[in-house]
Amino acid sequence: MTPYSLAFYMDVITSGTVLGAGPMDSPDQVTAILGDDFAETSLGHHTMWRDYGMAEFFWCRASREEPWTGHHFTLQVHRLSLGGGTVNREIRERYGRFARHLRFDSLERLMARRGVHLENVPDSNAPAYSLHWQPASQVSVLVFRSHEPGERRRGDARLGDVHTIASSMTAQQVAWYRTRYGGRNV
């Protein structure tokens, strides 16, 4: 992994944004930052998301007359293991080449050196995945931990690879996860 791509992930986790595009930004604001090379999907008139390669942004609205309200973004890091051009041009121009795997232990160690710590959060996906949370930025990191029996593998994901990075996960959501899934391994 190049140091530049690690810097990208660290910047997202500490800032809660993708190149400055936040989870509450409008579609136009996100496109102004990430460019107009995206695929757009909507479910009726109430939910929409744009896929900018590895980065996906999601919006919702109460009615067709209302403006889109930002809901969250997800970095589909696992897509890197499939190869190809999954990294958005704007991100690649700023941070350079991205490796096919993001190892959580390396990311966590570098974050700790910056003084940024990730908390373990119990999750319904355990033990196949572990969930980690950065309270200040409200960013979560989902890590691949084990193969489920009969699971069909895509790409060449390895144990300990980061699967996704997402924002925003609130303290209330974390508290709910701890109440609901607290007895599971994290």
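Start with the whole chain on screen: 45% of its 186 residues are buried. Bear in mind as you click around that this is a predicted model.

**The overall view**

Colour by secondary structure and you should find 5 helices and 8 strands. Walk from the N terminus and the order reads α-α-β-β-β-β-α-α-β-β-β-β-α. Now zoom out. The C-alpha trace spans about 45 × 40 × 40 Å along its principal axes. The radius of gyration is 16 Å, which agrees with the value near 16 Å for a compact globule of 186 residues. Take the contacts between residues at least 6 apart in sequence: 52% of them join residues at least 24 apart.

Switch on the surface next. The accessible area comes to about 9,700 Å², and carbon and sulfur atoms account for 48% of it. If you colour by charge, you'll see 21 positive and 20 negative side chains, with the centres of the two sets 7 Å apart.

**Into the largest core**

Hide the surface and select Phe8, Tyr9, Phe57, Leu75 and Ile165. In the largest nonpolar core, which has 36 residues, these five touch the most other members. Which helix gives the most to this core? Show α1, residues 3-15: it supplies 6 residues. As a bit of background, nonpolar side chains in soluble globular proteins tend to be buried together.

Stay on Ile165 and display its contacts beyond four places in sequence. Among them are Tyr9, Val12 and Ile13, then Phe73, Thr74, Leu75 and Val77. Leu102 is there too, along with Val139, Ser140 and Val141. Apart from the largest core lies another one, of 9 residues, including Ala128, Leu142, Phe144 and Met169.

**Hop to Ser140**

One of the contacts of Ile165 makes a good next stop: Ser140, which sits in strand β7, residues 139-144. Is Ser140 buried or exposed? Its relative accessibility is 11%, so Ser140 counts as buried. Beyond its sequence neighbours within four places, Ser140 is in contact with Leu131, His132 and Trp133, and also with Thr164, Ile165, Ala166 and Met169.

Just before that strand, click on Gln138, in the loop between β6 and β7. Gln138 has a positive phi of about 60°, though it isn't a glycine. At 27% relative accessibility, Gln138 counts as partly exposed.

**Another positive phi**

Jump back to the loop between α1 and α2 and pick Leu19. Here too phi is positive in a residue that is not a glycine, at about 55°. Leu19 counts as buried, with 17% relative accessibility.

**Thr31 in helix α2**

Carry on to helix α2, residues 27-34, and select Thr31. Thr31 counts as buried at 17% relative accessibility. What does Thr31 touch, leaving out residues up to four places away in sequence? You'll find Asp36, Phe38, Arg50 and Tyr52. For a distance check, draw a line to Phe57, 26 residues along the chain: the C-alpha atoms are separated by 10.0 Å.

**Two cis peptide bonds**

Finish with the backbone. Select Ala126 and Pro127, which are joined by a cis peptide bond with omega about 5°. Pro127 is in the loop between β5 (119-121) and β6 (129-134). Then select Ser167 and Ser168: a cis peptide bond joins these as well, with omega about 15°. Ser168 is found in the loop between β8 (162-167) and α5 (171-181).

Notes. Residues numbered from 1 in each chain as written. Predicted model: local features only at pLDDT ≥ 70, side-chain atom pairs only at ≥ 80, totals over all residues. Heavy atoms only, no water. Helix = DSSP H or I, 4+ residues; strand = E, 2+ residues; numbered from the N terminus. Rg over C-alpha atoms; globule rule 2.2 N^0.38 Å. Buried < 20%, exposed > 50% of the residue type's maximum accessible area, 1.4 Å probe, protein only. Contact = heavy atoms within 4.5 Å. Areas by Shrake-Rupley, 256 points an atom, 1.4 Å probe, with all protein chains shown as cover. Lys, Arg positive; Asp, Glu negative; His and termini not counted. Charge placed at Lys NZ, Arg CZ, Asp CG, Glu CD. Core = buried A, V, L, I, M, F, W, Y, C linked by side-chain atoms within 4.5 Å.
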